[in-house]
Amino acid sequence: MNLAQILPSIIADNNLHARWLNTLSLMENTGARKISASEDPLTVTYIILKHAAEEHRHAFYLKKQIEKTNRELCPTYAAEYLLAPACSRYYLNQLDIDVCRYLKKDFSLTGKDLRFAAYLLVTYAIEVRADELYPVYQDALESVASKVNVKSIILEEEGHLEEMINQLVKFSPDWELHAQKAVEFETRLFNGWVDALVKECATNN
């Protein structure tokens, strides 16, 4: 079962939908914190600051959308307020580990150079996924005339992907090869995450 197939059952259940939104908020917040952690205090760029700020705003926006599910706000990112909590927390952290191992092996990078290169590849892979996930979610919302809306996130994520490509072009002439490797790591983790969502939703139903 893919994400498009499971989203209708999540949206139809206000409790699941609130936890889904909170889970997306967690993941956006995790991404924002990882971007900030990769920053060099002296050479951080406008684009990196902008990207971190927008990811934090997405986390907040998704949290606010929970109000439209007619459920009490999920007050924290504690496990009981998330879907597939272990997998959702593991996802970005494991992607970061996989990409760092790849960069150490192929580029022998360390320190701030490793952090910046990992930021480029991890964020690229996540933006590719976001460009797929949010439109699918928006379509599912519109099909049932839900009050929840993620159109503003879709627009900003499209801009993020273009910005990541521009930075990757400067990073390496073979950027597409390395970016594809990051996408492969992410795809494996994403598929595991969707499987965990399917199992949890089946348990709740």
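This passage describes helices, salt bridges, a helix pair and selected loop residues in a predicted model.

Helix α6 covers residues 151-171. At 1.5 Å a residue, its 21 residues should span 30 Å, and the end C-alpha atoms lie 31 Å apart, which agrees with that expectation. The buried residues of α6 are Ile153, Ile154, Glu157, His160, Leu161, Glu163, Met164, Gln167 and Leu168. The cover over these buried residues includes parts of the chain on both sides of α6 in sequence: α2 (14-38), α3 (46-65) and α5 (111-143), together with α7 (175-204). One of the buried residues of α6, Glu163, also belongs to a network of salt bridges with Lys50 and Glu54.

Twelve salt bridges are present in the structure. In one of them, the side chains of Glu200 and Arg19 meet at 2.3 Å, N to O. This pair links distant parts of the chain, since Glu200 lies in helix α7 and Arg19 in helix α2, 181 residues apart. Both Glu200 and Arg19 are buried.

A salt bridge also joins the side chains of Asp96 and Lys34, with an N to O distance of 3.3 Å. Here too distant parts of the chain are linked: Asp96 is in helix α4 (residues 85-107) and Lys34 is in helix α2, with their positions 62 residues apart in the numbering. Lys34 has a relative accessibility of 25% and therefore counts as partly exposed.

The salt bridge between the side chains of Lys181 and Glu184 has an N to O distance of 3.8 Å. Lys181 and Glu184 are three residues apart in helix α7, so about one helical turn separates them. An α-helix has 3.6 residues a turn, so residues three or four places apart point the same way. Lys181 counts as partly exposed because its relative accessibility is 31%. Glu184 is also partly exposed, with a relative accessibility of 42%.

The packing of α2 and α7 was examined next. Two packed helices are described by the angle between their axes and the distance between the axes. For α2 and α7, the angle is about 155° and the axes are 12 Å apart. An angle over 145 degrees counts as roughly antiparallel, and α2 and α7 are therefore roughly antiparallel to each other. The crossing in which α2 passes α7 is right-handed. On the α2 side, the contact is made by Leu16, Arg19, Trp20, Thr23, Leu24 and Met27. On the α7 side, the contributing residues are Trp193, Leu197, Glu200, Cys201 and Asn204. Arg19 and Glu200, which form the salt bridge at 2.3 Å, are thus among the residues of this contact.

Leu121 is located in helix α5. With a relative accessibility of 1%, Leu121 counts as buried. When residues up to four places away in sequence are not counted, Leu121 touches Val99, Leu103, Leu168, His178, Ala179 and Ala182. Leu168 is itself one of the buried residues of α6.

Two C-alpha to C-alpha distances relate Leu121 to other positions in the chain. Leu121 and Ile153 are 32 residues apart in sequence and 20 Å apart in space. Thr45 and Leu121 are 76 residues apart in sequence and 17 Å apart in space. Thr45 lies in the loop between α2 and α3. At 35% relative accessibility, Thr45 counts as partly exposed, whereas Leu121 counts as buried.

Backbone angles were considered for two further loop residues. Most residues other than glycine have a negative phi, and most peptide bonds are trans. Ser108, although not a glycine, has a positive phi of about 55°. Ser108 is placed in the loop between α4 and α5. Its relative accessibility is 59%, and Ser108 therefore counts as exposed. Ala145 is likewise not a glycine and has a positive phi of about 55°. The loop that holds Ala145 runs between α5 and α6. At 66% relative accessibility, Ala145 counts as exposed.

How values were computed:
Residues are numbered from 1 along each chain as its sequence is written. This is a predicted model: local features need pLDDT of at least 70, side-chain atom pairs count only at pLDDT 80 or more; totals for chains, interfaces and linings use all residues. Side-chain values use heavy atoms; hydrogens and water are left out. Helices (H or I, at least four residues) and strands (E, at least two) are DSSP runs, numbered from the N terminus. The expected span of a helix is 1.5 Å times one less than its number of residues. Buried means under 20% relative accessible area, exposed over 50%, partly exposed in between (1.4 Å probe, protein chains only). Contact means heavy atoms within 4.5 Å. A salt bridge is a side-chain nitrogen of Lys or Arg within 4 Å of a carboxyl oxygen of Asp or Glu. Axes are lines fitted to C-alpha atoms, for helices over the stretch in contact, and angles run from 0 to 180 degrees between N-to-C directions. Angles under 35 degrees count as roughly parallel, over 145 as roughly antiparallel, 65 to 115 as roughly perpendicular and the rest as oblique. A crossing is left-handed if the near helix is turned anticlockwise from the far one by less than a right angle, and right-handed if clockwise.
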